[in-house]
Amino acid sequence: PTVLILNGPNLNMLGVRQPEIYGRDTLADIEQACADEAEQLELEVDFRQSNHEGELVTWIQEARTAHDGIVVNAGAYSHTSVAILDALQAAELPVIEVHLSNIFRREPFRHHSYVSQAATGVVCGLGVHGYLLALQAMARLLETDR
Ligand code: DQA
């Protein structure tokens, strides 16, 4: 099975962006950690990042036929984007939402995520490890799917 790992706006800035909140790992480090975990889990991963809402929507649309599941950290679009929610619902694939930070410990505007409405599960506050936990959960979901 193949899993799309989608990263939204500003996640390309990881490593330099507010390290006290997001840690020192770069997006390339996260990609490598996901690749290693995926190998263990016998999953294929397609790891992507975009700062553009429409590009994320297009990728989710394509995932409907190209991928078996979606792990998504939509960044700030989690809190604003009905378009990403609609795309995830239309994809009819298992979705796991990830946030590096604990969004519930932060500003109130981060407490609501549109993405959560389309997600089977949500992992937040565990940093890079959250992506690996999401992949583990996805591997389980896809196993019982088959
Ligand atoms: C984030 C949390 C969001 O509130 C924020 O806008 C991000 C990153 C996280 O991974 O903790 O860009 O999704």
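## A buried histidine

With 24 C-beta neighbours inside 10 Å, His99 counts as buried. The model shown here is a predicted one, and this histidine is a good place to start reading it. His99 belongs to strand 4, which covers residues 95–99. Setting aside residues up to four places away in sequence, His99 touches Asn73 and Cys124.

His99 also has a partner in the records. An unreviewed UniProt entry places the feature "active site" at Tyr22 and His99. The two are spread over 78 residues of sequence, yet they cluster in space, with a largest C-alpha distance of 9.5 Å.

## Tyr22, the other annotated residue

Tyr22 sits in helix 1, made of residues 19–22. Is Tyr22 buried, partly exposed or exposed? It is partly exposed, because 19 other C-beta atoms lie within 10 Å, and 20 or more would be needed for a residue to count as buried. Beyond its neighbours within four places in sequence, Tyr22 is in contact with Leu14, Arg17, Leu100 and Ser101.

Gly127 helps to fill in this part of the picture. It is found in the loop between strand 5 and helix 5, and it counts as partly exposed with 18 C-beta neighbours inside 10 Å. Gly127 and His99 are 28 residues apart along the chain, while their C-alpha atoms are separated by 7.3 Å. Leaving aside neighbours within four places in sequence, Gly127 is in contact with Gly23 and Leu100. Leu100 is also one of the contacts of Tyr22.

## Around the ligand

Which residues surround the ligand? They are Asn10, Asn73, Gly75, Ala76, Ser78, His99, Leu100, Ser101, Ile103 and Arg110. This shell divides into three nonpolar residues, six polar ones and one charged. His99, named in the UniProt "active site" feature, is thus part of the shell, and so is its contact Asn73.

Asn10 deserves a second look. It lies in the loop between strand 1 (2–7) and helix 1, and is partly exposed, with 14 C-beta neighbours inside 10 Å. Most residues other than glycine have a negative phi. Asn10, however, has a positive phi, near 75°.

## The nonpolar core

The largest nonpolar core holds 36 residues, and those touching the most other members are Ile70, Val71, Ile84, Leu88 and Leu135. Which elements supply at least two residues each to this core? The helices that do so are helix 2 (27–41), helix 3 (53–66), helix 4 and helix 5 (128–145), and the strands are strand 1, strand 3 (69–73), strand 4 and strand 5 (121–124).

Ile96 in strand 4 offers a closer view of buried surroundings. It is buried, with 26 other C-beta atoms within 10 Å. Beyond its neighbours within four places in sequence, Ile96 is in contact with Val71, Ala119, Thr120, Gly121, Val123, Ala134, Ala137 and Met138. With Met138 the separation is 42 residues in sequence, but 7.2 Å in space from C-alpha to C-alpha.

## Helix 4, one side in and one side out

Helix 4 has a clear division between its faces. Its buried residues are Ile84, Leu85, Ala87, Leu88 and Ala91. They cover an arc of only 165° around the axis, so they lie on the same side of the helix. The face turned away from that buried side carries the exposed residues Val82 and Gln89.

What covers the buried residues of helix 4? The cover includes helix 3, strand 3 and strand 4. Ile84 gives a residue-level example: apart from neighbours within four places in sequence, its contacts are Glu53, Leu56, Val57, Ile60, Ala74, Tyr77, Tyr114 and Val115. Ile84 is also among the core residues that touch the most other members.

## Where helix 4 ends

Glu92 follows helix 4 and has a positive phi, near 50°. This residue lies in the loop between helix 4 (82–91) and strand 4. Is Glu92 buried or exposed? Glu92 is exposed, because just 9 C-beta neighbours lie inside 10 Å and 12 or fewer is the condition for that class.

Definitions and conventions:
Residues numbered from 1 in each chain as written. Predicted model: local features only at pLDDT ≥ 70, side-chain atom pairs only at ≥ 80, totals over all residues. UniProt positions renumbered as here; feature names shortened; annotations may be inferred. Helix = DSSP H or I, 4+ residues; strand = E, 2+ residues; numbered from the N terminus. Contact = placed C-beta atoms within 7 Å. Near = placed C-beta within 6 Å. Nonpolar A, V, L, I, M, F, W, Y, C, P; charged D, E, K, R; others polar. Core = buried A, V, L, I, M, F, W, Y, C linked by C-beta atoms within 7 Å. Arc of directions from axis to C-beta.
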